[in-house]
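The following exercises ask the student to read helix packing, nonpolar cores and backbone geometry from a structure. Each task is followed by a solution in steps.

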Amino acid sequence: MVKFLRHEWNRQCFGKLNPEVCLETLSDWTDPSACLTYAKPFNVLYSGDNWQVWSTLGSCHKSNLARVDPYGFERPEDFDYASYEAFFSRYLVVLTRRAIKWSKLLKGKNSIQKSLKVKRYIRKGIPNEHRALVWMIVSGAQTNMEQNPGYYHRLLEGEKNAKLLEAIKTDMNRTFPDNVKFRKTADPCLQHTLYNVLVAYGHHNKAVGYCQGMNFIAGYLILITKNEEESFWLLDALIGRILPDYYSPAMLGLKTDQEVLGELVKMKVPAVAELMERHGVMWTLVVSRWFICLFIDILPVETVLRIWDCLFYEGSKIIFRVALTLIKQNQAFILEATNFPDICDKFKQITKGTFVTECHSFMQKIFTDPGSLSMATIDKLRETCRERLLSQG
């Protein structure tokens, strides 16, 4: 039997929808006819006074999904098209529902007030149409940009540090080699935009300058905002306020938070903590990239963006919630490890598969699986771990 998913629209048009087009246009459906050119398996059909999006969850074919995703990333050779298309069939309904709710909440305005309702909406996902705006507002980046008109451009026009420029240039071709938008052959090539954002930030925050990992974060910001200056101020929100000392030369904040995760695992998943200790595996060996890249190239793109939605609103405790959920959900699998290399391999494997691809259910899990996790608890653990690290020299 063929199953159908239904979503009503009070618009008048006929069309067919590609399962991924929503990432770029579905959330902006003032008129779904924008999707007329797309093919199966999603059909927009007129019925009475309403339009309905019907999704047939029948056989899935590789041809229904592009080789390059909507963000410009090439899919790997072993990409599971059938599973992903089945997931997206379900997620499409969530996206359409959230798009309508967000449009009603914003009502065409470029402002939003923090509230429990907004927090709930953000946890359920921000449509791409509104993502840059909401990130800018809730992170404080919008306020900083408005209070400093022209500052970004003055940074680019000012005197430059040759050593900083060379370090940034070195990493340009290493940044998302699997993304067609960052290749020199692309038009426009986002490498130039990325270079500007990193150069400006390095001169804005001289204590940090440039550190590997910042290029990937800035790259994601550029893909979402499509705006240099906004990407700069969002990068400042992350590095300057949300993740302090993650990218400073000593990386004390990064090292501290990895130790904090270790303490939280002792409290919430003690069997895994005991396994790590028994085999002498330091947390930095298995989770450093989770923290420094904020799950970029670790988890699927859409899952990372859903995590960042919450990160900009709720702060760094979201990173701990994600990490704890990955570990707790995969506790039995991790405990199968019998030696040091095996443990490291298990931690690589737990960031792949259906659990992390299905971003909506994954995000629901991060707010239930770890249980209570207050900033007061995290701050107290940070203080203890920081003192321990400093005493070790």
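The model shown is a predicted one.

**Exercise 1.** Determine how helix H2 and helix H13 are oriented towards each other, and which residues meet.

Solution.
- Step 1. Helix H2 comprises residues 116-123 and helix H13 residues 301-314; their axes come within 9 Å and cross at roughly 155 degrees.
- Step 2. Angles over 145 degrees count as roughly antiparallel.
- Step 3. H2 and H13 are therefore roughly antiparallel to each other.
- Step 4. From H2, the residues Val118, Lys119, Ile122 and Arg123 meet Arg306, Asp309, Cys310, Tyr313 and Glu314 of H13.
- Step 5. Sorted by class, this contact of H2 with H13 holds 4 nonpolar, no polar and 5 charged residues.

**Exercise 2.** Describe the packing of helix H10 and helix H12 by angle, distance and handedness, and classify the residues of the contact.

Solution.
- Step 1. Two packed helices are described by the angle between their axes and by the distance between those axes.
- Step 2. For H10 (residues 252-268) and H12 (residues 283-292), the angle is about 115 degrees and the axes are 10 Å apart.
- Step 3. The crossing of H10 and H12 is right-handed.
- Step 4. H10 contributes Leu254, Asp257, Gln258, Leu261, Gly262 and Val265 to the contact, while H12 contributes Trp283, Thr284, Val287, Ser288, Phe291 and Ile292.
- Step 5. The residues of the contact of H10 with H12 comprise 7 nonpolar, 4 polar and 1 charged.

**Exercise 3.** State how many residues the largest nonpolar core has, and examine the surroundings of Phe295.

Solution.
- Step 1. The largest nonpolar core has 110 residues.
- Step 2. The residues with the most contacts inside this core are Tyr247, Trp283, Trp290, Phe295, Leu299, Trp308 and Phe347.
- Step 3. When neighbours within four places in sequence are left aside, Phe295 is in contact with Arg289, Trp290, Val304, Ile307, Ile319, Val322, Ala323 and Leu326.
- Step 4. Another core, of 9 residues, lies apart from the largest one; Tyr81, Tyr84, Phe88 and Cys359 are among its members.

**Exercise 4.** Examine the backbone at Phe176, Lys226 and Pro188, and decide whether Phe176 and Lys226 are buried or exposed.

Solution.
- Step 1. Most residues other than glycine have a negative phi, and most peptide bonds are trans.
- Step 2. Phe176 is not a glycine, yet its phi is positive, at about 50 degrees. Phe176 is placed in the loop between H6 and H7.
- Step 3. Buried means under 20% relative accessible area. Phe176 has 1% relative accessibility and therefore counts as buried.
- Step 4. Lys226, also a residue other than glycine, has a positive phi near 55 degrees. Lys226 lies in the loop between helix H8 (214-225) and helix H9 (228-242).
- Step 5. Exposed means over 50%. Because its relative accessible area is 69%, Lys226 is exposed.
- Step 6. Asp187 and Pro188 are joined by a cis peptide bond, with omega about 0 degrees. Pro188 has its place in the loop between helix H6 (162-172) and helix H7 (190-204).

**Exercise 5.** Establish where Thr325 is found and with which residues it is in contact.

Solution.
- Step 1. Thr325 is found in helix H14, residues 317-329.
- Step 2. The relative accessible area of Thr325 is 0%, so Thr325 is buried.
- Step 3. Leaving aside neighbours within four places in sequence, Thr325 is in contact with Phe355, Phe362, Lys365, Ile366, Asp369 and Pro370.

Notes:
Residues are numbered from 1 along each chain as its sequence is written. This is a predicted model: local features need pLDDT of at least 70, side-chain atom pairs count only at pLDDT 80 or more; totals for chains, interfaces and linings use all residues. Side-chain values use heavy atoms; hydrogens and water are left out. Axes are lines fitted to C-alpha atoms, for helices over the stretch in contact, and angles run from 0 to 180 degrees between N-to-C directions. Helices (H or I, at least four residues) and strands (E, at least two) are DSSP runs, numbered from the N terminus. A crossing is left-handed if the near helix is turned anticlockwise from the far one by less than a right angle, and right-handed if clockwise. Contact means heavy atoms within 4.5 Å. Ala, Val, Leu, Ile, Met, Phe, Trp, Tyr, Cys and Pro count as nonpolar, Asp, Glu, Lys and Arg as charged, and the others, Gly among them, as polar. Angles under 35 degrees count as roughly parallel, over 145 as roughly antiparallel, 65 to 115 as roughly perpendicular and the rest as oblique. A nonpolar core is a set of buried Ala, Val, Leu, Ile, Met, Phe, Trp, Tyr and Cys residues joined through side-chain atoms within 4.5 Å. Buried means under 20% relative accessible area, exposed over 50%, partly exposed in between (1.4 Å probe, protein chains only).
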